[in-house]
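Colleague: I have not seen this one before. Please show it, and then take my questions in turn.

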Amino acid sequence: MNIDEMLKQKQLKVTPQRKAILTVLERSESVLSAQELFREVLELLPGTNFSTIYRNLDTLLSRGLLCRIPRENGGDLYEIRREEGHHHHVICKGCGASIPVDFCPMETLNCQLEEYGFTPTEHHFEVYGLCSKCKKQHRIP
Ligand SMILES: [Zn+2]
Ligand SMILES: [Zn+2]
Ligand SMILES: [Zn+2]
C-alpha cells in the first residue's frame, strides 16, 4: 500500500506534510524522535514549521498510522505502524531498530489489579537492549 492509500484508508486528507512524515518514517530503519523526524521532513519540504509537524504527528497517531514509544530518558520516539493490534516494542540502543512484540505484561497483571479494584487506563512497556548486529559490532557475546 502506498502512502496516499494509507491516508485515504484512514479518511485523512493527503497533505504534503503528512506524506513527508510517513515517507521519512517508512524509509527509516530506526525509530525517530520528533526533532529527528522534523529535520528529515525539512529536507523534503523546506519551510515546514515544527508545530505543523507535531500537530500532524498527533493526527497520524490517533488514526493508528504511527506508534509512539516512550524513550528511556524522556521524550517520545515514533515509527510507522508495522503491526496491527496491541503490541509493544523492543528497541536497540545501538542503532535504534525496533522489533514489535505481541507479548503484553498487562494480561498477567490485570487479574491481580482486579483484586485491588484498580482499573488501569493506560500502560507502557518498553525493552531496551542491543540487537544481534550491534552486539557483534561491540563484541558482546
Ligand atoms: Zn509498533
Ligand atoms: Zn542495533
Ligand atoms: Zn500492552
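**Helices, zinc sites and burial**

Colleague: Is the crossing of H2 and H3 left-handed or right-handed?

Modeller: This is a predicted model, where local features need pLDDT of at least 70, side-chain atom pairs count only at pLDDT 80 or more, and totals for chains, interfaces and linings use all residues. Residues are numbered from 1 along each chain, chains are lettered from A and ligands numbered from 1 in the order written, and side-chain values use heavy atoms without hydrogens or water. A crossing is right-handed if the near helix is turned clockwise from the far one by less than a right angle. The crossing of H2 and H3 is right-handed.

Colleague: At what angle do helix H2 and helix H3 pack?

Modeller: H2 covers residues 16-27 and H3 residues 34-44, and their axes (lines fitted to C-alpha atoms over the stretch in contact) are 9 Å apart, at an angle of about 115°. This makes H2 roughly perpendicular to H3 (65 to 115 degrees). The angle asked for is thus about 115°.

Colleague: Which residues of H3 are met by residues of H2?

Modeller: Meeting here is contact, with heavy atoms within 4.5 Å. On the H2 side the residues are Ala-20, Ile-21, Thr-23, Val-24, Leu-25 and Arg-27. Their partners in H3 are Leu-37, Glu-40, Val-41 and Leu-44.

Colleague: How many helices and strands does the protein chain have?

Modeller: Both are DSSP runs, of at least four residues for helices and at least two for strands. From the N terminus the order is α-α-β-α-α-β-β-β-β-α-β-α. That comes to six helices and six strands.

Colleague: What arrangement do the donor atoms make around the zinc ion (ligand 2)?

Modeller: The donors (N, O and S atoms within 2.8 Å of the metal) are the SG atoms of Cys-92, Cys-95, Cys-131 and Cys-134, at 2.3 Å. In sequence these residues are spaced C-x2-C-x35-C-x2-C. Because the four donor atoms subtend angles of 104 to 114°, within the limits of 85 and 135 degrees, the arrangement is tetrahedral.

Colleague: Is Cys-92 buried or exposed?

Modeller: Buried means under 20% relative accessible area, exposed over 50%, and partly exposed in between. Cys-95, at 38%, counts as partly exposed. Cys-92 has a relative accessible area of 5%, so it is buried.

Colleague: Which strands hold Glu-79 and His-89, donors of the zinc ion (ligand 1)?

Modeller: The zinc ion (ligand 1) is coordinated by Cys-67 (SG), Glu-79 (OE), His-87 (NE2) and His-89 (NE2), at 2.1 to 2.7 Å. Its donors follow the spacing C-x11-E-x7-H-x1-H along the chain. Glu-79 and His-89 tie together parts that are ten residues apart in sequence, because they lie in strands E3 (residues 76-80) and E4 (residues 88-92).

Colleague: How far apart in sequence are the parts that His-88 and Cys-104 tie together?

Modeller: Both residues help coordinate the zinc ion (ligand 3), along with His-86 and His-123, at 2.0 to 2.2 Å. The site is tetrahedral, with angles of 108 to 112°. His-88 lies in strand E4 and Cys-104 in the loop between strand E5 (98-101) and helix H5 (106-115), so the parts they tie together are apart in sequence by 16 residues.

Colleague: Are His-88 and Cys-104 buried or exposed?

Modeller: Buried residues make up 33% of the 141 residues in the protein chain. Glu-79 and His-89 are among the buried residues. Both His-88 and Cys-104 are buried.

Note on methods
Donors are N, O and S atoms within 2.8 Å of the metal (3.2 Å for Na, K and Ca); water is not among the atoms, so sites may look incomplete. Four donors count as tetrahedral if all angles lie between 85 and 135 degrees; four count as square planar and six as octahedral if opposite donors are over 155 degrees apart and all others between 65 and 115; anything else is irregular. Buried means under 20% relative accessible area, exposed over 50%, partly exposed in between (1.4 Å probe, protein chains only). Axes are lines fitted to C-alpha atoms, for helices over the stretch in contact, and angles run from 0 to 180 degrees between N-to-C directions. Angles under 35 degrees count as roughly parallel, over 145 as roughly antiparallel, 65 to 115 as roughly perpendicular and the rest as oblique.
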